[in-house]
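Here is a short briefing for a first look at this structure. Keep the sequence and the 3D view side by side as you read.

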Amino acid sequence: MPSPLIVTFVQATVLNAISNILAQLIDQRNNKAPFTLNTLALLQFLGYGFIIVAPNFYWQRALEARYPGFPTRSELSTSFIVRTLKSIFSPRSWLSLFSRSHRDDSLPSHKEKEKHVRWAPRTKTSGLRSFLMKFFFDQTAASVVNLVLFVVIINLLKGESLKKTWDLVVVDFRPLMSARLKYRPVVSVLMYTVIPVDRRVVFGSACGVIWGVYLSLYAGV
């Protein structure tokens with residue numbers, strides 16, 4: 001039986017091919033030209049996809065291993081942010097803070113603090129916290145690295161120089177990130193809250209077709 005990485009390679013290659021061909025159809029239809037497959041553009045886009053599959057595959061595994069699980073229904077129905085804000089701005093919290101500021105003897109000693117921390121029970125990692133961390137890293141670190149890799153790999157495959165490629169990174173990064181932020185957050189929310197773990201790769205790949213069409217059109221198919 002093939003490994004999960006091999007299955008992901010096959011899925012990504014097929015879906016990248018579909019997205020690039022769809023992009024070529026859209027582009028040539030807008031130009032009112034008969035469809036002719038641009039084989040070189042297709043191979044360039046498949047080459048880019050082939051290179052980034054493994055890094056993204058292991059990144060997702062590492063992210064899930066570091067922040068396992070997903071929010072439960074109770075966590076989603078009772079917002080962590082709302083509960084935190086209520087605890088911060090509650091009158092009891094402010095009264096307690098005010099009274100402590102005027103009573104130094106009410107503060108625990110250093111030894112008492114140390115004892116409290118040492119014997120404090122460890123709380124189980126919240127599924128909501130895991131979701132928020134995965135969502136945060138997906139929208140920041142993963143987005144930046146993937147967009148830079150896209151511009152660099154595509155342009156190097158087109159035969160551009162390193163200097164020209166870096167200039168294009170500077171020019172293209174902002175519009176690409178703006179477009180990604182309109183698409184990826186919705187995918188991430190669904191992936192980490194609704195989609196079962198064993199269906200996330202398929203779901204992400206399917207949504208990736210839409211993003212692949214956009215990238216193909218941006219790269220000039």
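Confidence differs among the elements of this predicted model: helix H8 (residues 141–157) has the highest mean pLDDT, 92, and helix H6 (residues 110–119) the lowest, 45. Over the protein chain the mean pLDDT is 77. Of its residues, 72% reach 70 or more.

**Where confidence is low**

- Residues 100–107 have pLDDT below 50. Beyond near neighbours in sequence, the model gives this stretch one contact.
- Residues 110–123 also stay under 50 in pLDDT. Beyond four places in sequence, the model has one contact for them.

**The nonpolar cores**

- The largest nonpolar core has 25 residues. Tyr-48, Phe-150 and Leu-215 have the most contacts inside it.
- Five elements are listed as giving two or more residues to this core: H2, helix H7 (127–139), H8, helix H9 (162–193) and helix H10 (200–218).
- H9 supplies the largest share of this core, with nine residues.
- Another core lies apart from it and has five residues. Leu-5, Ala-12, Val-53 and Phe-57 are among them.
- As a general pattern, nonpolar side chains in soluble globular proteins tend to be buried together.
- Which residues does Phe-150 touch, leaving aside its neighbours within four places in sequence? Phe-150 is in contact with Phe-45, Tyr-48, Leu-176, Leu-215 and Ala-219.
- Phe-150 also belongs to an aromatic cluster, together with Phe-45 and Tyr-48.

**Aromatic pairs**

- The structure holds nine aromatic pairs.
- One of them joins Phe-131 and Phe-135. This pair is tilted, at 5.8 Å centre to centre and 40° between the planes.
- Phe-131 and Phe-135 are about one helical turn apart, because they sit four residues apart in helix H7.
- Phe-131 is buried, at 10% relative accessible area. Phe-135 is partly exposed, at 23% relative accessibility.
- Tyr-183 and Trp-211 form a stacked pair, because their planes are at 5° and their ring centres 5.4 Å apart.
- That pair links distant parts of the chain. Tyr-183 is in helix H9 and Trp-211 in helix H10, 28 residues apart.
- Tyr-183 is buried, with 14% relative accessibility. Trp-211 is buried too, with a relative accessible area of 12%.

**Helix H7**

- H7 has 13 residues, which should span 18 Å at 1.5 Å a residue. The end C-alpha atoms of H7 are 18 Å apart, so the model agrees with the expected span.
- The buried residues of H7 are Gly-127, Leu-128, Ser-130, Phe-131, Lys-134, Asp-138 and Gln-139.
- Why do the buried residues of H7 line one face of the helix? Seen down the axis, they fall within an arc of 160°, so they line one face.
- In an α-helix there are 3.6 residues a turn, so residues three or four places apart point the same way.

**Pro-68 and its contacts**

- Pro-68 lies in the loop between H2 and helix H3 (73–77).
- Is Pro-68 buried or partly exposed? Pro-68 has a relative accessible area of 45%, so it counts as partly exposed.
- Leaving aside neighbours within four places in sequence, Pro-68 is in contact with Ser-130 and Lys-134. Both Ser-130 and Lys-134 are listed among the buried residues of H7.
- Gly-127 is 59 residues from Pro-68 in sequence. In space, their C-alpha atoms are 7.4 Å apart.

**Asn-16 and Lys-32**

- Asn-16 is found in helix H1 (residues 4–30).
- Asn-16 is buried, because its relative accessible area is 16%, under 20%.
- Leaving aside its neighbours within four places in sequence, Asn-16 is in contact with Phe-45, Leu-46 and Gly-49.
- Lys-32 sits in the loop between H1 and helix H2 (39–66).
- Lys-32 is exposed, because its relative accessibility is 79%, over 50%.
- Lys-32 has a phi near 55°, which is a positive value in a residue other than glycine.

Definitions and conventions: Residues are numbered from 1 along each chain as its sequence is written. This is a predicted model: local features need pLDDT of at least 70, side-chain atom pairs count only at pLDDT 80 or more; totals for chains, interfaces and linings use all residues. Side-chain values use heavy atoms; hydrogens and water are left out. pLDDT is the predictor's confidence in each residue, from 0 to 100. Contact means heavy atoms within 4.5 Å. Buried means under 20% relative accessible area, exposed over 50%, partly exposed in between (1.4 Å probe, protein chains only). A nonpolar core is a set of buried Ala, Val, Leu, Ile, Met, Phe, Trp, Tyr and Cys residues joined through side-chain atoms within 4.5 Å. Rings of Phe, Tyr and Trp (its six-membered ring) pair if their centres lie within 6.5 Å; planes under 30 degrees apart count as stacked, over 60 as edge-to-face and the rest as tilted. The expected span of a helix is 1.5 Å times one less than its number of residues. The arc is that of the directions from the helix axis to the C-beta atoms.
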